[in-house]
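Open the model in your viewer and keep the sequence panel beside it. The stops below can be taken in order.

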Amino acid sequence: QGTELRDIGGQRWLRQHEYVEKLNMHGILSASAGQEQLLTELLVTYAKIPVLIGELISVEIWKHKVFPVLCRLEDFKPRSTFPIYVVLHHEASIINLLETVFFYKEICESAEDSILDLIDYCHRKLTLLAARSTKAQAETSVELRAEDLASPSSMQAVPVPPQELQKQAETMEFEISLKALSVLRFITDQVENLPLSALTRMLNTHNLPCLLVELVEHCPWSCWEAGKLKKFENGTWHVVPPEDQVKMTKLDGQVWLALLNLLLSPECQRKYRFDGFNKSQLLKLRAFLTDVLIDQLPNLVEMQRFLSYLAVTEPAPPKKDLILEQVPVIWDHILKKNSGKWEAIAKHQVKHAFSPTEEELKLQARRWAQTYSLDMMEALAPDKPRCRVCGVEAAKRCSRCRNEWYCTRACQVQHWQKHKPACNLMA
């Protein structure tokens, strides 16, 4: 069910978040086993895709409108970042679930009118990616553990700096934007089946082809640092060896596939404005269409032909049909409903959602331990567990909370003072 902005972080909302987390984990495990058909059928049958899109936009608005006000409040001195981190993480969970299921045509169709809201959402995230400064590109993903979220600061009333919370939000924003890129590419796979308004919105309202050209040109998921090329893949930045530097990443592939879908579809070509600016932007792609790239994605030969044709012709302007155009409603509805109430909402949430007692925090930690069952988490983990202290492969884990791994008893004893508060919460 959809929730009100004011209720975000409350007990009912937390139950909803747990359901989303379980769906998300189930979706990832099903996709890895090639058995996600059951999940997609359930989401379509019970019309949950519009609900998920509504929740996604609701928490996005909370992050932009309520969260900054929350951090400025004088009485905002949380004992733990845990409840706030859960809200920040909610958007990432939903977009990850949508990325898993939007591969299917029936999911895209079941979004109905809310597909316009999702297109707008993806456009906002891609704009953030395109505007991302090169300085921020080399920032590594912050790895948040149980200690960081519910540790000594929750046991001793030490206020957590708002700047730290905002830094966590910014780190997640980058990864969320990359997921939105994948979702958008899956939407473009269905251009033949999308409502007319969705196509108009992608091509003319937001001019997504030119935005995608910006992403090809500036590639925010790769950067040079100390003479070495680093690329962001699978949640972390890593150094690319010289022999792999021309290799296309999954994110590069998503951008090129979205461009192929938007530029080579006859319906899109008929509706898109190939004016002077758009044409000059699109022709920039020719410099990137090398033989090495085309070998990795042979479909780009068609793109190369199209751009060569575009360079020497003046395509006819699109016909200006007089039509009634649908517009997205979720974003505007939430903004109008809560306009001028941001501070009141923030104060309400500080009092009722983000200042839990020690007992409430322990109860919530136990619920999270059940949500993230260890067997499921281990199935999702791409690598073998590593020692929390020295980083080598580990075979032993804490017998109380079963959340931390160690290679030897000596490492466990060395880490106990740091681990003890979180262990007490989870055990």
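What follows is a walk through a predicted model, from the whole chain down to single residues.

**The whole chain**

Start with a cartoon view of everything. The chain has 22 helices and five strands. Of its 427 residues, 49% count as buried. Now switch on the surface: the accessible area comes to about 21600 Å², and carbon and sulfur atoms account for 53% of that. Contacts across the sequence are also worth a look. Among contacts with a separation of 6 or more, 77% are between residues 24 or more positions apart.

**A nonpolar patch and the loop after it**

With the surface still on, select Leu-38, Leu-42 and Tyr-46. Together they make a nonpolar surface patch of about 340 Å². Leu-42 belongs to helix α2, which covers residues 37–45. Is Leu-42 buried or exposed? Its relative accessible area is 42%, so it falls in between and counts as partly exposed.

Next select Ala-47, in the loop between α2 and α3 (49–72). Ala-47 is not a glycine, yet its phi is positive, about 50°. This residue is partly exposed, because its relative accessibility is 43%.

**Aromatic rings**

Hide the surface and show the side chains of Phe, Tyr and Trp. How many aromatic pairs does the structure hold? There are nine. One of them joins Phe-103 and Tyr-104: the ring centres are 5.5 Å apart and the planes stand at 90°, so the pair is edge-to-face. Phe-103 is partly exposed at 48% relative accessibility, whereas Tyr-104, at 15%, counts as buried.

Move on to Phe-174 and Phe-232. They form an edge-to-face pair too, with 5.0 Å from centre to centre and 70° between the planes. Phe-174 sits in helix α10 (residues 162–188) and Phe-232 in strand β2 (residues 228–233), so this pair ties together parts that are 58 residues apart in sequence. Both Phe-174 and Phe-232 are buried.

Then select Trp-62, Phe-67 and Phe-354, which ring pairs link into a cluster.

The last ring on this stop is Trp-331. Arg-124 lies over its face, 4.0 Å from the ring centre.

**Inside helix α10**

Go back to helix α10 and pick Leu-184, which is found there. Its relative accessible area is 0%, so Leu-184 is buried. Which residues does Leu-184 touch, leaving aside its neighbours within four places in sequence? The contacts are Cys-122, Leu-126, Met-202 and Leu-208. Show these side chains together with Leu-184 to see what surrounds it. For a distance to draw, use the C-alpha atoms of Leu-184 and Val-255: they are 9.3 Å apart in space, while the two residues are 71 apart in sequence.

**A second positive phi**

Finish at Asn-207, in the loop between α11 (196–205) and α12 (208–218). Asn-207 is not a glycine, but it has a positive phi of about 50°. Is Asn-207 buried or exposed? Its relative accessibility is 18%; the cut-off for buried is under 20%, so Asn-207 counts as buried. Ala-47, visited earlier, has a positive phi of about 50° as well, but Ala-47 counts as partly exposed.

Conventions
Residues are numbered from 1 along each chain as its sequence is written. This is a predicted model: local features need pLDDT of at least 70, side-chain atom pairs count only at pLDDT 80 or more; totals for chains, interfaces and linings use all residues. Side-chain values use heavy atoms; hydrogens and water are left out. Helices (H or I, at least four residues) and strands (E, at least two) are DSSP runs, numbered from the N terminus. Buried means under 20% relative accessible area, exposed over 50%, partly exposed in between (1.4 Å probe, protein chains only). Contact means heavy atoms within 4.5 Å. Accessible areas come from the Shrake-Rupley method with a 1.4 Å probe; for residues, only the protein chains shown count as cover. Patches are made of residues with over 30% relative accessible area and no salt bridge: like charges are joined within 9 Å, nonpolar side chains (Val, Leu, Ile, Met, Phe, Trp, Tyr) within 5 Å. A salt bridge is a side-chain nitrogen of Lys or Arg within 4 Å of a carboxyl oxygen of Asp or Glu. Rings of Phe, Tyr and Trp (its six-membered ring) pair if their centres lie within 6.5 Å; planes under 30 degrees apart count as stacked, over 60 as edge-to-face and the rest as tilted. A charge sits over a ring if NZ of Lys or CZ of Arg is within 6 Å of the ring centre and within 35 degrees of the ring normal.
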